[in-house]
Amino acid sequence: MTDMPRQHITQKKIAEHVQRLGELYPPIPLDSVDRTIKRPGLVAKKFGHVIDYLARVELEVDRNVLELLVLLPDADETNKTFYADVWQPQEIQHGLILDRLQQDLGRAAAEPHLEVSFPIRILGALANLKPIQDIARLMYFLTGASTERQAVLAYNQINRGMQELEETAISETIITPIKQQEPGHFAFYQMSATAMIQDKVLRPWQLFLTRVMREKSYNLVGTNQMKNFKADMGGVVVDLGFDSDLEGYAREIGRVENRLLWAHRQGMDFPPYILKALRESVDLYRERLERGLKLA
Ligand SMILES: [Fe+2]
Ligand SMILES: [Fe+2]
């Protein structure tokens with residue numbers, strides 16, 4: 001529902017959550033993976049593109065850390081512990097494990113995009129001003145909540161697919177352990193964003209600006225505002241079957257910001273810019289497919 005959670009999210013609660021994540025989920029060691037693949041050709045055909053995409057995005061965690069250092073020069077202890085001791089060490093293992101899987105499937109190694117973009121650097125320069133820093137922080141938490149939710153949904157779907165293909169080793173020693181770690185990331189961002197709204201950290205003009213900036217800059221996970229990656233993401237959406245209900249998918253990945261930023265828009269299911277980004281990605285993917293067919 002669109003209601004604010006009744007519970008007040010305190011900083012202590014967030015800190016405890018981070019500590020628990022660190023204790024419960026150590027980074028997954030590469031050698032814990034059983035590399036048995038029964039039908040590599042079939043797995044590659046059904047999930048090759050999706051695994052390529054996720055491997056690259058997970059490996060881009062190192063850029064995300066750089067962005068975070070640029071955007072949040074004054075990050076507190078909880079945030080530092082989260083990204084340095086929990087999140088980065090977990091995500092980089094996801095990336096390494098998936099990158100090896102894609103190569104086991106006969107596909108090229110991932111090429112993560114590790115350069116911090118120009119808009120982020122601009123925002124980072126402005127973020128030295130306290131009111132902008134608060135806006136950047138909320139944007140960062142909202143982005144985290146939306147991208148981690150996309151990760152949760154993707155891994156759930158892949159896992160179902162791997163089980164159907166009876167690829168037990170992939171399902172049990174790769175996807176399941178990875179997928180267990182994503183909801184904790186989502187919860188961290190969700191709680192952090194919620195706390196900022198509950199504590200009224202932002203003045204109305206700051207919230208207004210946050211909404212405008214979300215509308216202008218919302219990006220699906222891993223698209224890095226680049227056309228090629230947007231088309232790739234469209235392929236992921238289609239391969240995982242989310243295109244049959246794009247609105248339902250938009251509702252899932254936009255729930256946190258719909259509740260926190262757009263509560264005054266009664267009856268809105270999700271912020272429209274999310275569905276727009278999804279449609280754009282799927283369209284770019286389909287156009288690319290058609291171009292490929294014409295060339296063939
Ligand atoms: Fe991950
Ligand atoms: Fe994650």
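Donors are N, O and S atoms within 2.8 Å of the metal, and because water is not among the atoms, sites may look incomplete. With that cut-off in mind, the protein donors of the iron ion (ligand 2) in this predicted model are E91 (OE), E148 (OE), E148 (OE), E182 (OE) and H185 (ND1), which lie 2.0 to 2.7 Å from the ion. Along the chain, the donor residues of this iron ion (ligand 2) follow the pattern E-x56-E-x33-E-x2-H. Two of them, E91 in helix α4 and E148 in helix α6, are 57 residues apart, and the pair links distant parts of the chain. Both E91 and E148 are buried.

The iron ion (ligand 1) draws its protein donors from E58 (OE), E58 (OE), E91 (OE), H94 (ND1) and E182 (OE), at distances of 2.0 to 2.4 Å, and the spacing of these donors in sequence is E-x32-E-x2-H-x87-E. H94 belongs to helix α4 (residues 77-104) and E182 to helix α7 (residues 168-198), so this pair ties together parts that are 88 residues apart in sequence. H94 is buried at a relative accessible area of 0%, and E182, with 1% relative accessibility, is buried as well. The two iron ions, ligand 1 and ligand 2, lie 3.6 Å apart and are bridged by E91.

The two sites are set out below.

| Ion | Distance of protein donors | Donor spacing in sequence |
|---|---|---|
| iron ion (ligand 1) | 2.0 to 2.4 Å | E-x32-E-x2-H-x87-E |
| iron ion (ligand 2) | 2.0 to 2.7 Å | E-x56-E-x33-E-x2-H |

Turning to the nonpolar packing, the largest nonpolar core holds 89 residues, of which L98, L138, I158, I174 and L278 touch the most other members. Helix α6 (residues 130-164) supplies the largest share of this core, namely 14 residues. For I174, when residues up to four places away in sequence are not counted, the contacts are V33, I97, L98, L101 and A169; L98 is thus both a contact of I174 and one of the core residues that touch the most other members.

A further position, S192, lies in helix α7 and is buried, with a relative accessible area of 6%. Leaving aside residues up to four places away in sequence, S192 touches I14 and F141. Between S192 and R211, which are 19 residues apart in sequence, the C-alpha to C-alpha separation is 17 Å.

Conventions: Residues numbered from 1 in each chain as written. Chains lettered and ligands numbered in written order. Predicted model: local features only at pLDDT ≥ 70, side-chain atom pairs only at ≥ 80, totals over all residues. Heavy atoms only, no water. Donors = N, O, S within 2.8 Å, 3.2 Å for Na, K, Ca; no water. Helix = DSSP H or I, 4+ residues; strand = E, 2+ residues; numbered from the N terminus. Buried < 20%, exposed > 50% of the residue type's maximum accessible area, 1.4 Å probe, protein only. Core = buried A, V, L, I, M, F, W, Y, C linked by side-chain atoms within 4.5 Å. Contact = heavy atoms within 4.5 Å.
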